[in-house]
Amino acid sequence: MAGWSTYRGSAVSLPLANVDTDQLIPARFMSAPRSEGYGKFLLHDMRRDDSGADSADFVLNRHQEAGVLVAGRNFGSGSSREAAVYALVDAGFRAVIAPAFGDIFASNAVNNGLLPAQVTAEDAEVLHATLGKDCAEMTIDLETGVMTLGNRSIPFQLRDSWRTKLINGWDDIDLTLHHAGAIAAYKDKRHSQTPWAWPSAAD
Amino acid sequence: MTAPLTLLDRLWSAHEVLRREDGTSLLWVDRHLVHEGSHHAFAKLAARKAAVAEPALTFGVVDHYAPTRGREGAMAPDVARMIDTLRRNADQHGIRLFDLMDPAQGIVHVIGPEQGLTLPGLLINCGDSHTSTHGAFGALAFGIGATEVAHVLSTQTIWQKKPDAMRITVEGALGPGVSAKDIALHWIARLGTGGAQGFAVEYAGSAVRDLSMEGRMTLCNLSIEGGARFGMIAPDDTTFAYLKGRPHAPKGIAWDDACADWSKHRSDPDAAFTREVHIDAAQIAPTVTWGTSPEQAVPVDADIPTPAALEADKAKAASAALEYMGLTAGKPIAGTPVDQVFIGSCTNGRIEDLRAAGAVLTGRRAKVPGIVSPGSAKVKAQAEAEGLDRIFIEAGLEWVASGCSMCVGMNGDLVESGKRCASSTNRNFRGRQGRGARTHLMSPAMVAAAAVTGAITDVRPMLQGRAA
Ligand code: SF4
């Protein structure tokens, strides 16, 4: 996965609280292999009517080029389904901005190069008000932790370890394998000190 | 003198392989549980041509897509494909799989404890957010995404930043007809779905100690609905009694050693928590959700809230939820007619849950259709030995095999659009039980009461003179 440190793209506003993972991608689509692309499932039931036709006035249908989503409180709450992140990434998103995120969603996002940028509730309101139903060019700088919309600069919060990971596009497995010695030593110690931690054979 | 420690501190340091400068820890994983949904992670592994590091610590189960009827016969093609993929992956990597016909099959968070795979002091991961359930045993258990599942499969470790410690203390005695489910819905309604975000929640207090393991699992299971990735309860004699003799639990001398170790897994009396919440058990009523988020819940004898009376940031969400749910603000929640009921899931599909529902349904008929899906094949067998299946069937409900079923509808057990379901599950999200489905979360006893009256109903009067 390629890292990134600045992004410039179209931002749209979805001013809803609690957009949970079941809304981001309904369960019925999750058996599809990733190679098929998950973008078409993003917010499926919110953006399409019962017949599967696009709702013309839904913000993501009007602005298909969007790469930044400004959302409401508690975005991505709910399940651990990484498919919710795949849907956003495959639909072209690089960043989601909200006052708070579901914990597992946020770490899944970072694992896929998607920035979960946390802003204050007041700043989120400003962004929603500025964007309204339109889209506008936004710049996001991971190094400085600041996003710029028009002439307004707004800071965002991001865990240091997540910032580093997004910038470097690191693969955790490769990094961890460098610690193979420490892991093996830990395992030996755990096995000798707490043998009960290994499952006993079922009778 | 060492500083007083929380249960979280103890569990965390016991699993820390190393800590990076940025504060992220590399933790050893004692048990890794996979299910059909883990296909993305196995695909990542295949792309790297990597092997599973510790197959003996990895266990698989068919649950999310498990058909609840006609398991021997033909299945929908996507369901069959998901199950076959898991079989192939388990087989290729030498992972013990609790397959559809296994007498120990069931929902991952039910069978882990049931099989003695879940033990105090362990770190347990699963690609499912309700992995917090296993914390009921004093384990460090948390849900992870597919990239993390692939990481655990490859390395048996996980990178994680230590959360802050929060304690929810529930003192006193729960009233009759009030259960662990109500404690959970009560605190989430009070603190909000983000109330415990970034925290590991330890549950304490006499009302928590008085809960059975089943109740403790229900409570820890729902931690994620309040935003916490971890829920935990210090192990005690109730924990040990539940685990003794379980298939994969330690045996003989190892059991005694383990119990001695496990007894140390607790918070010091003067340990500091970043956040403390106190709840009086006697104040908790049977609680029901009215909206599309678990925080949108009220006592069953209360009215549906009026959005304008809520805080500004919640008012808009409340109006949208009421519209989706087809409810009128200001009306009593009790009396809301339901179309169907569901009893099951990793939240409330254990034997005690079925007994609680059975106590209400004995000698009564359900006015609406419904499904009862036990949390595991073992729970099913136990319920049948106790005659609970007869009670459900005679009440007019369908008694089916074990799986996630209508909690998430992946196997096709869905609620139709616009229909209202009283459900013992954990998520009332829009579309969770099917597109347009309207879900009301409540305890199994409350679901049983709704089945009998065909409407959301206070179960308490219905339990008078009965052993609940
Ligand atoms: S029963 Fe529901 S919440 Fe539990 S593991 Fe299955 S889908 Fe997830």
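A crossing of two helices is called left-handed if the near helix is turned anticlockwise from the far one by less than a right angle, and right-handed if it is turned clockwise. In this predicted model, that distinction is useful for following helix α13 of chain B, residues 351-361, through its contacts with three other helices of chain B, beginning with α15(B), which α13(B) passes in a left-handed crossing.

The axes of α13(B) and α15(B), the latter spanning residues 388-395, come within 10 Å and cross at roughly 45 degrees, and the two helices are therefore oblique to each other. On the α13(B) side the contact is made by B:Ile351, B:Leu354, B:Arg355, B:Ala357, B:Gly358 and B:Leu361, and on the α15(B) side by B:Leu388, B:Ile391, B:Phe392 and B:Ala395. Sorted by class, these residues comprise eight nonpolar, one polar and one charged.

With helix α14 of chain B, residues 377-385, the axis of α13(B) crosses at roughly 40 degrees, the two axes coming within 9 Å, so that this pair, too, is oblique. Here, however, α13(B) passes its partner in a right-handed crossing. B:Ile351, B:Leu354 and B:Arg355 of α13(B) meet B:Val379, B:Gln382 and B:Ala383 of α14(B), a contact with four nonpolar, one polar and one charged residues.

The remaining partner is helix α16 of chain B, residues 444-453, which packs against α13(B) at an angle of about 30 degrees, with the axes 8 Å apart. Because angles under 35 degrees count as roughly parallel, α13(B) is described as roughly parallel to α16(B), and the crossing is right-handed. The α13(B) residues in this contact are B:Asp353, B:Ala356, B:Ala357, B:Val360 and B:Leu361, while α16(B) contributes B:Pro444, B:Ala445, B:Ala448, B:Ala449 and B:Val452; by class, the contact has nine nonpolar, no polar and one charged residues.

From these helix contacts within chain B, the description can now turn to the interface between the chains. The size of an interface is often given as the accessible area lost when the parts come together. For chain A and chain B the buried area is about 5,100 Å², with 52% of it on carbon and sulfur atoms, and the contact takes 60 residues from chain A and 74 residues from chain B. Eight salt bridges are counted between chain A and chain B. A salt bridge between these two chains joins the side chains of B:Arg48 and A:Asp174, with a nitrogen-to-oxygen distance of 2.5 Å.

Notes. Residues are numbered from 1 along each chain as its sequence is written. Chains are lettered from A and ligands numbered from 1 in the order in which they are written. This is a predicted model: local features need pLDDT of at least 70, side-chain atom pairs count only at pLDDT 80 or more; totals for chains, interfaces and linings use all residues. Side-chain values use heavy atoms; hydrogens and water are left out. Axes are lines fitted to C-alpha atoms, for helices over the stretch in contact, and angles run from 0 to 180 degrees between N-to-C directions. Helices (H or I, at least four residues) and strands (E, at least two) are DSSP runs, numbered from the N terminus. Angles under 35 degrees count as roughly parallel, over 145 as roughly antiparallel, 65 to 115 as roughly perpendicular and the rest as oblique. Contact means heavy atoms within 4.5 Å. Ala, Val, Leu, Ile, Met, Phe, Trp, Tyr, Cys and Pro count as nonpolar, Asp, Glu, Lys and Arg as charged, and the others, Gly among them, as polar. Buried area is the accessible area (1.4 Å probe) that two parts lose on being put together, summed over both. A salt bridge is a side-chain nitrogen of Lys or Arg within 4 Å of a carboxyl oxygen of Asp or Glu.
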